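I opened this structure to make notes on its strands, a few side chains and a ligand. The entries follow in the order in which I looked things up.

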Amino acid sequence: MNPAGKPGKTGSLMPVETALARLLDMAEAAPIVEREHLPLAQLEGRVLAVDLVSTLDLPPWPNSAMDGYALNLSDWTGQPLPVSQKVFAGQAPAPLQPGTCARIFTGAPVPAGADCVEMQENSEVQADGRVRFLEPLVAGQNIRPQGQETTAGELILTAGTRLGPIEQGLAASLGCAGLDVVRKVRVAVVSTGDELIEPGQPLGPGQIYNSNRVLLCSWLQRMGCEVIDAGILPDDLDATRVRLGQLQDVDLILSTGGVSVGEADFLGVALREEGELALWKLAIKPGKPLTFGHFRGVPVIGLPGNPASTLVTFALLARPYILRRQGVQDVTPLKFRVPARFDWPQAGNRREYLRGRLDQGGAIIYRNQSSGVLRSAAWAEGLVEVMEGRTLSKGDEVSFIPLSELLA
Ligand code: AMP
Ligand code: MG
């Protein structure tokens with residue numbers, strides 16, 4: 001790949017890592033800096049703007065991990081102890097009377113003076129109500145000490161963390177009613193192509209239904225973006241200029257199609273005229289042509305139009321770019337090694353992301369891996385990564401990236 005970002009010749013394909021690193025650099029150069037404070041219930045999918053530091057010890061006081069009896073070990077000589085109080089969760093106990101034990105339930109504060117809880121299963125209540133302990137006792141047993149999980153002042157979540165149900169629960173446990181998050185990224189989705197019509201209309205000659213639009217709009221919504229659905233853009237330079245010009249208040253224009261060097265690929269022309277354009281030929285399959293540029297200052301990512309190419313390049317390149325614009329550091333999806341349960345005899349010069357599934361601990365792939373076939377991805381549970389220049393025989397290891405990682 002030449003540094004000017006001009007289309008490379010065959011054999012000079014840009015590795016996926018290089019493209020990703022460049023996109024992430026550009027994302028870092030244009031961070032979303034505005035913040036908003038949102039209540040807990042609205043944090044799903046949002047990105048934490050400032051570190052979350054605990055103002056509490058958790059638990060706030062020592063509490064019982066069991067239903068049973070709290071006592072001071074020095075009172076236990078083998079003689080049954082009388083029960084001096086009963087403590088339920090939510091109550092504040094009196095200090096333990098010397099020479100007695102307290103009936104206690106899970107989550108209840110341990111009375112001052114008690115240093116051990118014995119579970120009821122190992123305790124025997126006598127006819128007179130006194131309690132005998134059947135097993136040896138150890139100081140501290142079955143007590144969750146104050147601050148065991150967290151102490152006040154501890155860093156709990158760093159800025160840039162994506163928030164979901166677990167982080168919402170964690171913030172709630174610390175008493176936060178809301179958090180400061182990065183404002184949503186505003187992404188305009190544009191589908192290019194004279195052949196496209198929207199579902200619900202009769203299909204005319206030469207037409208196909210626009211599938212990328214809804215696929216990307218829903219995916220972006222899941223990611224916590226504000227989506228501007230900019231519809232279908234005809235293959236026409238003036239229309240392209242006008243429509244892109246109407247999208248001046250967004251953080252990103254995400255288009256599909258029209259990024260190869262075909263005669264009807266006007267996106268590149270518009271960017272070259274009114275901004276800047278890098279046309280990359282990536283060592284990725286499905287995929288390959290990818291545009292990054294600016295139109296009158298607004299960043300534009302142009303993904304290839306074939307639906308499986310759109311999906312793979314969005315997942316592996318545009319998605320991390322969008323997350324990084326919000327300050328998310330961890331944009332690398334989890335992947336793991338599994339044995340291939342298929343043969344791959346023909347080495348390619350591009351890295352392949354095959355739509356696959358896990359079957360008996362290994363990866364199998366959909367029968368038709370054509371870039372136009374979205375059904376392959378609907379069938380799949382993940383992307384099977386086959387490196388450039390690699391052939392595979394059954395049993396060789398490949399990397400598997402679960403789609404659930406990418407769709408979040
Ligand atoms: P292009 O990159 O514009 O040459 O498009 C590559 C292929 O993807 C062509 O077969 C297009 O018809 C198809 N395609 C482009 N955009 C879409 C879309 N939004 N939905 C479905 N197919 C598309
Ligand atoms: Mg097209």
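Entry 1, a pair of strands. I began with E20 and E21, which run antiparallel and are joined by 5 bridges. This is a predicted model, and I read all that follows with that in mind. I looked up one bridge and found Thr-291 opposite Gly-302 in E21. The two strands, E20 and E21, form a hairpin with 2 residues between them. Arg-296 sits in that turn and has a positive phi of about 45°.

Entry 2, the other partner. I then checked E17 against E21 and noted that they run parallel, with 4 bridges between them. Here Ile-253 has Val-300 in E21 as its bridge partner.

Entry 3, burial of E21. Is E21 enclosed or open to the outside? I found 6 of its 6 residues buried, so E21 is largely enclosed by the rest of the structure. I listed the two faces separately: Val-298, Val-300 and Gly-302 are on one side, and Pro-299, Ile-301 and Leu-303 are on the other. Both faces are covered, with these residues all buried.

Entry 4, the whole sheet. I traced an open sheet of 6 strands, in the order E16-E13-E17-E21-E20-E18, with mixed pairing. Strand E16 (226-233) and strand E18 (275-281) are at the edges; each has a single partner strand, so one side of each is left without a neighbour in the sheet. I noted an average twist of 15° from one strand to the next. Further along the order, I looked at E13 (residues 186-192) and E17 (residues 252-256), which pair in the parallel sense over 5 bridges. Ser-191 has Thr-256 in E17 as its bridge partner.

Entry 5, helices on the sheet. I found helix H6 (residues 307-325) packed on the sheet, where it touches E13, E17, E20 and E21. The direction of H6 makes about 160° with that of E21. Helix H5 (residues 266-274) lies across E17, E18, E20 and E21, and runs at about 140° to E18.

Entry 6, Glu-198 and Arg-213. I located Glu-198 in the loop between strand E14 (196-197) and strand E15 (208-209), and Arg-213 in helix H3 (residues 212-222). Are these two residues buried or exposed? Glu-198 has a relative accessible area of 17%, so it counts as buried, the cut-off being under 20%. Arg-213 is buried too, at 19%. Their side chains are joined by a polar contact of 2.5 Å. Arg-213 also makes a side-chain polar contact with the side chain of Asp-229, at 2.7 Å. Setting aside neighbours within four places in sequence, I listed the contacts of Arg-213, among them Val-189 and Ser-191. On the same terms, Glu-198 is in contact with Tyr-209, Asn-210, Arg-213 and Ile-232.

Entry 7, ligand 1. Which residues come nearest to ligand 1? Of the 15 around it, I noted Glu-195, Asn-210, Gly-258, Gly-305 and Asn-306. Glu-195 has a polar side-chain atom 2.5 Å from an oxygen atom of ligand 1. Gly-258 has a backbone N or O atom 2.7 Å from an oxygen atom of the ligand. For Asn-306, a backbone N or O atom lies 3.0 Å from an oxygen atom of ligand 1. Last, I checked the cover: ligand 1 has 480 Å² of accessible area on its own, and the protein covers 77% of it.

How values were computed:
Residues numbered from 1 in each chain as written. Chains lettered and ligands numbered in written order. Predicted model: local features only at pLDDT ≥ 70, side-chain atom pairs only at ≥ 80, totals over all residues. Heavy atoms only, no water. Pairing = 2+ DSSP bridges. Axes fitted to C-alpha atoms, helices over the stretch in contact; angles between N-to-C directions. Contact = heavy atoms within 4.5 Å. Buried < 20%, exposed > 50% of the residue type's maximum accessible area, 1.4 Å probe, protein only. Polar contact = N/O pair within 3.5 Å; in protein donor to acceptor, adjacent residues only side chain to side chain. Near = heavy atom within 4 Å. Areas by Shrake-Rupley, 256 points an atom, 1.4 Å probe, with all protein chains shown as cover.
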